[in-house]
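The following exercises are to be worked with the sequence and the three-dimensional model in view. Each task is followed by a stepwise solution.

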Amino acid sequence: MKPYRLVIFDWDGTLMNSEARIVDSIQIAARECGLPVLSYDESKQIIGLSLEKAILGLYPDLPVDKIVAMSEAYTKGFLEDSQVGMQAFDGAEALLFNLKQQGVKLAVATGKSRKGLDNVLKETGFGVYFDITRTPIESASKPDPLMLKQILDALDVAVEDALMVGDTSFDMEMARNIGMDRVALSHGVHQMEVLEKFAPVAQLDSLQELNGWLMTL
């Protein structure tokens, strides 16, 4: 297998261990909006989608005004109210640094809002590693592959020279929809038995394993 010129990462559940913070914020927003508070496992299944799609995935019959209210409550909960901590997965920065040293282009394709992504890139200092980032605000929600197409076009990289790394079926399906190689990580939201249905080129358990795998290509 030839080395990849571009590696595209999902954010939440792939580089950032933020699952518990997201679920807590969803539950905060549900209480504030008078909606049933779903279980942890139910709530986490929509991580990776755009906020509106995620809310509709959990509460499919919500009217537009409730979707707006829930979106606003979630954003406030995540940025201000939740007391649940989050941090990058072990090996995240070492992986990004090593890839940049090898001359590989790096990108993020995430379901986070632009504001949310920009905030966390600044907080972690990881923004310096990425050549381009895409969110549903300027693109389309996963599994639509528009984010990937925009990244490929902007960086002038062919799809066969790029790799998508993610932890959800939405990441795997998005990459499959555009014909891009994909690596499934088990340390995030969806179980490997779900991810393996999308024929990833590798199934790995950590970013350290991913680093080793990429360095052998």
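**Exercise 1.** Determine which residues form one aromatic cluster with W11, and state how the rings are arranged.

*Solution.* The cluster consists of W11, F126 and Y129. The model is a predicted one, in which local features need pLDDT of at least 70 and side-chain atom pairs count only at pLDDT 80 or more, whereas totals for chains, interfaces and linings use all residues. Residues are numbered from 1 along each chain as its sequence is written, and side-chain values use heavy atoms, with hydrogens and water left out.

Step 1. Apply the pairing rule: rings of Phe, Tyr and Trp (its six-membered ring) pair if their centres lie within 6.5 Å; planes under 30 degrees apart count as stacked, over 60 as edge-to-face and the rest as tilted. The structure holds three aromatic pairs. For W11 and F126, the ring centres are 6.2 Å apart and the planes stand at 70°, so this pair is edge-to-face.

Step 2. Locate the two partners in the chain. W11 lies in the loop between β1 (6-9) and β2 (16-17), and F126 in the loop between α6 (114-124) and β5 (132-134), so that 115 residues separate them. Helices (H or I, at least four residues) and strands (E, at least two) are DSSP runs, numbered from the N terminus.

Step 3. Examine the second pair. The rings of F126 and Y129 also have centres 6.2 Å apart and planes at 70°, so they too are edge-to-face.

Step 4. Assess burial, where buried means under 20% relative accessible area, exposed over 50%, and partly exposed in between (1.4 Å probe, protein chains only). W11 is buried at 0%, F126 is buried at 4%, and Y129 is buried at 12%.

**Exercise 2.** Establish how many of the residues of strand β6 are buried, and which strands pair with β6.

*Solution.* Step 1. Strand β6 spans residues 162-166, and five of its five residues are buried, so the strand is largely enclosed by the rest of the structure.

Step 2. Sort the side chains by direction. A162, M164 and G166 point one way from β6, while L163 and V165 point the other way.

Step 3. Find the neighbours; two strands pair if DSSP finds at least two bridges between them. β1 and β6 run parallel and are joined by four bridges, with L6 having A162 as its bridge partner in β6. Four bridges likewise connect β6 with β7 (residues 181-185) in the parallel sense; here L163 has D181 as its bridge partner in β7.

**Exercise 3.** Trace the path of the chain from β6 to β7, and state what covers the buried residues of the intervening helix.

*Solution.* Step 1. From β6 the chain crosses through helix α8 (residues 169-178) to β7, giving a right-handed β-α-β crossover. A crossover is right-handed if, with the strands pointing away from the viewer, the path from the first strand over the helix to the second runs clockwise.

Step 2. Identify the buried residues of α8: S169, F170, D171, M172, M174 and A175 are buried. Their cover includes β4 (105-109), α7 (146-155), β6, β7 and α9 (192-195).

Step 3. Inspect the end of the helix. G179 follows α8 and has a positive phi, near 80°.

**Exercise 4.** State what share of the 217 residues is buried.

*Solution.* Buried residues make up 53% of the 217 residues in the protein.

How values were computed. Contact = heavy atoms within 4.5 Å.
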